[in-house]
Amino acid sequence: MNLAAITTTIVRQLARIPVTLAVVLLAVVIAYVPSAAEMFQFNRAAIAAGETWRLATGHLTHWNAEHLQWDLLMFVVLGTVCEMRNPRQMRRCVVAAAGVVSVLVFCVFTDIDTYRGLSGIDTALFTLLAIELMRDARRQRSGMSAFVTGGLLLGFVAKTAYEAVTGQAMFVEQQSAGFELLVWDHIVAAVVGALFATGIERNGPSLSSFLSLRRKIFATRS
């Protein structure tokens with residue numbers, strides 16, 4: 001295969017994952033443009049003042065390079081696989097997870113003034129993919145695939161339990177990053193992924209429903 005053919009193949013594959021590529025590009029740009037993270041992060045006071053777009057953009061911001069590295073590593077892998085398998089389902093799951101996590105932080109965890117990171121969306125995609133792979137393994141009667149996928153799910157449960165008990169993130173040094181660990185956003189995001197894996201995407205949330213969060217949030221606060 002010559003260079004032109006290889007390049008064409010790569011371009012075609014990348015064209016299949018536009019959302020994954022866009023999220024990665026935006027997260028990297030925000031991370032390295034001075035003051036961009038502060039401008040786009042979830043900020044309670046700013047959201048209450050009307051900057052509700054931060055409910056979405058906050059997930060693209062990160063506390064430091066290590067935080068960005070782990071979140072993007074997971075998102076690239078999970079986003080690519082999920083978007084190639086079922087683009088519509090993946091995109092709706094991303095929108096739903098972003099919206100649910102942001103509303104959870106804003107309306108329930110009122111002591112948290114700032115929030116950053118893709119980890120909630122990563123968790124939703126992980127749960128979505130793991131459940132679908134388990135379903136595929138059962139349909140194909142592949143015991144090894146079911147065992148591996150089940151192990152990954154148990155690993156996620158163990159990670160979440162560890163973080164809930166210790167209050168420490170497993171992969172990111174949160175003291176140097178300067179953020180407070182929130183476990184419930186991952187748990188709720190996992191529920192979102194599980195719901196989409198069971199077929200809720202057929203009438204799931206759209207981008208327009210996410211944009212309507214401003215009205216719902218202020219109605220909750222009033």
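Contact is taken here as heavy atoms within 4.5 Å. The structure is a predicted model. On that contact criterion, and leaving out residues up to four places away in sequence, Asp-185 touches Val-101, Leu-104, Tyr-115 and Ser-119. The setting of Asp-185 is taken up again below, after the chain as a whole, its nonpolar core and helix H2.

The chain has 222 residues, of which 43% are buried. Its secondary structure consists of 13 helices and 2 strands. When contacts between residues at least 6 apart in sequence are considered, 76% of them join residues at least 24 apart. The accessible surface of the chain amounts to about 11800 Å², and carbon and sulfur atoms account for 66% of that surface.

The largest nonpolar core contains 41 residues. Within this core, the residues that touch the most other members are Phe-42, Phe-75, Val-105, Ile-121, Leu-125 and Leu-128. Two or more residues each are given to the core by H2, H3, H6, H7, helix H8 (119-140) and helix H11 (184-197). H7 provides the largest share, with 10 residues. For Phe-75, the contacts beyond four places in sequence are with Thr-20, Val-23, Val-24, Thr-80, Met-90, Leu-118, Ile-121, Asp-122 and Leu-125. Two of these partners, Ile-121 and Leu-125, are themselves listed with Phe-75 among the core residues that touch the most other members.

Helix H2 covers residues 18-32, a total of 15 residues. At 1.5 Å a residue, H2 should span 21 Å, and the distance of 21 Å between its end C-alpha atoms therefore agrees with the expected value. Thr-20, Val-23, Ala-27 and Ile-30 are the buried residues of H2. These four residues lie on the same side of the helix, because they cover an arc of only 110° around its axis. On the face turned away from the buried side, H2 carries the exposed residues Leu-25 and Tyr-32. The cover over the buried residues of H2 includes helix H3 (36-40), helix H6 (65-85) and helix H7 (87-107). Two of the buried residues of H2, Thr-20 and Val-23, also appear among the contacts of Phe-75.

The loop between H2 and H3 contains Ser-35. The phi angle of Ser-35 is near 70°, a positive value in a residue other than glycine. Ser-35 has a relative accessibility of 51% and therefore counts as exposed, the cut-off for that class being over 50%.

Two polar residues of helix H11 were examined individually. Asp-185 belongs to this helix and, at 2% relative accessibility, counts as buried, since buried means under 20%. The side chain of Asp-185 forms a polar contact of 2.6 Å with the side chain of Tyr-115. Tyr-115 is also one of the residues that Asp-185 touches.

His-186 likewise lies in helix H11. With a relative accessibility of 8%, His-186 counts as buried. The side chains of His-186 and Ser-119 are joined by a polar contact of 2.9 Å. Beyond four places in sequence, the residues touched by His-186 are Ser-119, Gly-120, Thr-123, Phe-156, Lys-159 and Glu-163. Ser-119 thus appears in the contacts of Asp-185 as well as in those of His-186.

Note on methods: Residues are numbered from 1 along each chain as its sequence is written. This is a predicted model: local features need pLDDT of at least 70, side-chain atom pairs count only at pLDDT 80 or more; totals for chains, interfaces and linings use all residues. Side-chain values use heavy atoms; hydrogens and water are left out. The expected span of a helix is 1.5 Å times one less than its number of residues. Buried means under 20% relative accessible area, exposed over 50%, partly exposed in between (1.4 Å probe, protein chains only). The arc is that of the directions from the helix axis to the C-beta atoms. Accessible areas come from the Shrake-Rupley method with a 1.4 Å probe; for residues, only the protein chains shown count as cover. A nonpolar core is a set of buried Ala, Val, Leu, Ile, Met, Phe, Trp, Tyr and Cys residues joined through side-chain atoms within 4.5 Å. A polar contact is a pair of N or O atoms within 3.5 Å; within protein, one must be able to donate a hydrogen and the other to accept it, and residues adjacent in sequence count only if both atoms are side-chain atoms.
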